[in-house]
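Biologist: Could you take me slowly through one part of this model, the sheets and what packs on them? I am in my first year, so please explain each term as you come to it.

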Amino acid sequence: MQYTVQIITNHNESDNFESFLNDLTLSYFVEFFPEKDKDININIFFSNKYDQEDFLIKYYKWLNSNKKEHIFDVFLDNLFDKDWQNEWKQFFKPIVLDKFVVDINEDKKYSDKIKILIDPGMAFGNGGHPTTKNCLILIEKYFQKGMKALDFGCGSGILAIACSKLGAKYVDAVDNDDLAIEVSIKNIHNNQAKVNCKNSKHFAFRNDYHFIVANITVDILIKHFDFLTKNMKNIQYFILSGISDFRKNQMDLFLSYDKNFIIHEILEKDGWYTYCLKSKKKL
Ligand SMILES: C[S@@+](CC[C@H](N)C(=O)[O-])C[C@H]1O[C@@H](n2cnc3c(N)ncnc32)[C@H](O)[C@@H]1O
């Protein structure tokens with residue numbers, strides 16, 4: 001499945017629109033169809049619905065802040081037979097962090113870093129999205145060797161692999177999408193990581209995780225928060241990501257009722273927030 005946004009605009013606006021596109025930190029593939037004296041048809045392809053939604057949020061913000069009227073836009077799924085799975089790779093640049101480098105190729109560069117080799121296929125998680133990148137930064141900072149970890153909503157498996165590479169005693173990775181599980185298992189294998197990866201629907205969760213990371217959406221974070229924290233007395237850090245600035249208030253309100261965690265650190269990038277919660281018991 002690929003996710004498409006089709007925008008139809010006029011020639012005057014198309015340059016502006018192109019510079020807006022160039023500033024985005026999303027993975028996408030774009031095709032312009034200019035026709036003389038006619039509107040321009042622009043098709044933008046995303047590999048997953050999160051990037052498509054993220055694009056739409058940013059697009060409407062951009063229209064608002066520039067006081068532009070959009071002429072016409074349509075969202076279409078699965079319209080063109082494009083090899084998205086590989087098309088985006090030509091634009092990919094390695095993501096270089098303090099400890100990790102995320103890349104799609106076996107490359108000799110960055111030999112001082114811990115390499116995470118990722119092919120997300122049609123799952124989410126090539127490391128470039130702010131919600132994933134900020135989780136990696138917090139994992140670098142707070143994950144300690146010997147911890148037991150859970151990656152809830154693992155997508156490509158990238159965050160579970162990161163924990164494993166930092167010397168986790170045990171990593172569980174779950175997703176409710178079978179395609180994500182298939183992709184994760186391949187990536188886990190390619191990275192020689194030690195991760196137990198299964199569909200969350202039939203998963204027997206342990207009760208002794210020290211570190212949980214969940215990059216999903218506010219609704220799902222809230223829905224599963226009690227389940228993920230109840231009976232899990234060992235939790236030291238809980239990383240919550242996928243919180244857009246539209247939903248941050250809702251997340252803050254929800255957390256203000258919680259008695260077990262403090263908000264230890266918040267990272268923000270491009271309107272996306274990642275929270276590092278710390279257990280009060282471990283203070
Ligand atoms: C934004 S992606 C994050 C992928 C990866 N962890 C990363 O940080 O790049 C969210 C993932 O959560 C999964 N997901 C959504 N709802 C879920 C649920 N209720 N239970 C388990 N996984 C879920 C989606 O299928 C998707 O793969």
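Modeller: Two strands count as paired if DSSP finds at least two bridges between them, and strands (E, at least two residues) and helices (H or I, at least four) are DSSP runs that are numbered from the N terminus. The model is a predicted one, in which local features need pLDDT of at least 70 and side-chain atom pairs count only at pLDDT 80 or more, while totals for chains, interfaces and linings use all residues. Residues are numbered from 1 along each chain as its sequence is written, and side-chain values use heavy atoms, with hydrogens and water left out.

Let us start with the open sheet of seven strands, whose order is E10-E9-E8-E11-E12-E14-E13 and whose pairing is mixed. At its edges stand strand E10 (196-199) and strand E13 (261-269), and because each has a single partner strand, one side of each is left without a neighbour in the sheet. Neighbouring strands in this sheet are turned against each other by 15° on average, direction ignored; the axes used here are lines fitted to C-alpha atoms, for helices over the stretch in contact, and angles run from 0 to 180 degrees between N-to-C directions. The partner of E13 is strand E14 (residues 272-279), which runs antiparallel to E13 and is joined to it by eight bridges. Within this pair, isoleucine 262 faces lysine 278 of E14.

From E13 we can follow a side chain to another part of the model. The whole structure holds six salt bridges, each being a side-chain nitrogen of Lys or Arg within 4 Å of a carboxyl oxygen of Asp or Glu. One of them joins glutamate 265 to lysine 141, with the closest N and O atoms 2.9 Å apart. Since glutamate 265 belongs to strand E13 and lysine 141 to helix H4, the pair ties together parts that are 124 residues apart in sequence.

Helix H4 leads us to the other sheet, which is open, has three strands in the order E5-E6-E7 and shows mixed pairing. Its edge strands, E5 (95-96) and E7 (114-117), each pair on one side only. Between E5 and strand E6 (residues 100-103) there are two bridges in the antiparallel sense, and valine 96 stands opposite valine 101 in E6. Helix H4 (residues 130-142) packs on this sheet and touches E5, E6 and E7, its direction making about 150° with that of E6; contact here means heavy atoms within 4.5 Å. Helix H5 (residues 158-165) also packs on the sheet, where it touches E6 and E7, and its direction makes about 150° with that of E7.
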